[in-house]
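Welcome! Here is a short briefing to help you find your way around, grouped by topic.

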Amino acid sequence: MQFLLDILAKIGFDWHMALFNLINFLIVFWILKRLAFDPVMKIIDERQQKMRDGIDNYQKSKTELQMAERKAQEIIDEAKSEGNKLVERAHDAAKDTAGQMKEKARAEISMLVEQAKKNIEIDRQEMREQLRRDTVALVAEAAEKIIGEKIDTQKDEAYITSIIEASA
Amino acid sequence: MFFQVASEQASIQPETIFLVRSWPVTNAMLMGLLVTAIIFIVSIIITYRSKILPSKFQTVIEIMVEGFFHLVTQITGSDGTGRKLLPLIGAIFVFFGMSNLIGLVPGLTSLTFDGVSFLRTPTNDFNMTFSIALSMVLLTQIASIRHFGVFGHLGKYFKLKELIAGFRQGIGAGAIAFIEFLIGLLDIVSEVAKVISLSLRLFGNMYAGEVLAAILLGAFALAIPSVWLVMNLLVAVIQALVFGALTAAYFQLAVADSETQ
């Protein structure tokens, strides 16, 4: 042991200095641990945790987006199918309505035609009556001019009417 | 001669500048204190400037710390052990790295007090390398005792159990166990050798560097010393790294099971 200490002494070993250097190193170790390595590692860990959280959130959002897209597609498909049904139903309803309206129009037209026919018949009857009356008056007037005297109006009319009716 | 500069070769022992009671205060100790002060100031800057969004300075520091963390993790083979050892191995690297490099700052070692150089490269003092190497090897022993227990730890050096079990099996197995027993005893020597090799490697490299620089400066004042000083920059960093990496490896070996060694 003494031999070893002698060798150490030859290369400058002194326990005072060695102890001082060791204490100095321990102080440096404490400073670096408390003020450098621990805070830096903490910051690095925090940042890595944030990055991991960010990636997790991204994956979560991606999954949620995919689900939302799927759901939206489902809703769109459902809406499309519902729309098609509605259009079909509207078509049917329109067809029904058109049929009903056509039927109604046809009925109305028939009614109008019937009415027109009736009116025409009435007009025809009236015109015939008017014609008869005019003819009687004309014949009476002609006969009066031929005969030269006024005959009884009522008797003439009855006589002429019977002739016309007989000739008709 | 025009190309030669007379320069004094550094003595192997650091020079005492003054005494505090009976304690000598050497130029290497003063430089060690200067290194500590610089590390303290830089550490405070690191602490107060650390943010989630890093500045350029913080990025450089983080790259260094992460690089060290990966190095220690690779040596120890475990993330948890790497994290535990990082401050210690990092402190060794930073302290020795700065101690090695600070001597290369022009003019710093030329300051004199009472005719003696006021500051000296701290790692040129064997006391520093030896005290830290010894404390590191002792720490590995403590780590081993904590891991295996006192008897388990002693069992690594005195393999009596294996010796008895070997001879019970037969002469052949007994002979192999005897050889292993002797190897176990040699491991005690290797632990001492660790202290010597760790301390002398760093001290020898740095002291030799300074002596060679002085010799080169005396022979060729202009080109060659500057090349040598540039190479010393590399040596300073590498030696600090070697000291830290070996300490981490010793820790790993101390707590590793014998099967995995």
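In this predicted model, strands S1(B) and S2(B) make a hairpin, with two residues between them. The notes below start there, then turn to a helix of chain B and a stretch of chain A.

**The hairpin of chain B**
- S1(B) covers residues 16-20 and S2(B) covers residues 23-26, and they pair in the antiparallel sense over four bridges.
- Leu19(B) has Pro24(B) in S2(B) as its bridge partner.
- In the turn sits Arg21(B), with a positive phi of about 55°.

**Helix H2 of chain B**
- H2(B) runs over residues 56-76; at 1.5 Å a residue, its 21 residues should span 30 Å, and the 30 Å between its end C-alpha atoms agrees with that.
- Its buried residues are Ile61(B), Val65(B), Phe68(B), Phe69(B), Val72(B), Ile75(B) and Thr76(B).
- These buried residues lie on the same side of H2(B), because they cover an arc of only 130° around the axis.
- Exposed residues on the other side of H2(B) are Lys56(B), Thr59(B), Val60(B), Ile63(B), Gly67(B), His70(B) and Gln74(B).
- The cover over the buried residues of H2(B) includes helix H2 (15-147) of chain A, as well as helices H1 (27-49), H3 (79-102) and H7 (223-255) of chain B.
- After H2(B) comes Gly77(B), which has a positive phi near 75°.

**Residues 15-32 of chain A**
- An unreviewed UniProt entry lists residues 15-32 of chain A as "transmembrane region".
- In the model, this span of chain A is 100% helix and 0% strand, and its end C-alpha atoms are 25 Å apart.

Definitions and conventions
Residues numbered from 1 in each chain as written. Chains lettered and ligands numbered in written order. Predicted model: local features only at pLDDT ≥ 70, side-chain atom pairs only at ≥ 80, totals over all residues. Expected span 1.5 Å × (residues − 1). Buried ≥ 20, exposed ≤ 12 C-beta atoms within 10 Å, placed from the backbone. Arc of directions from axis to C-beta. Contact = placed C-beta atoms within 7 Å. Pairing = 2+ DSSP bridges. UniProt positions renumbered as here; feature names shortened; annotations may be inferred.
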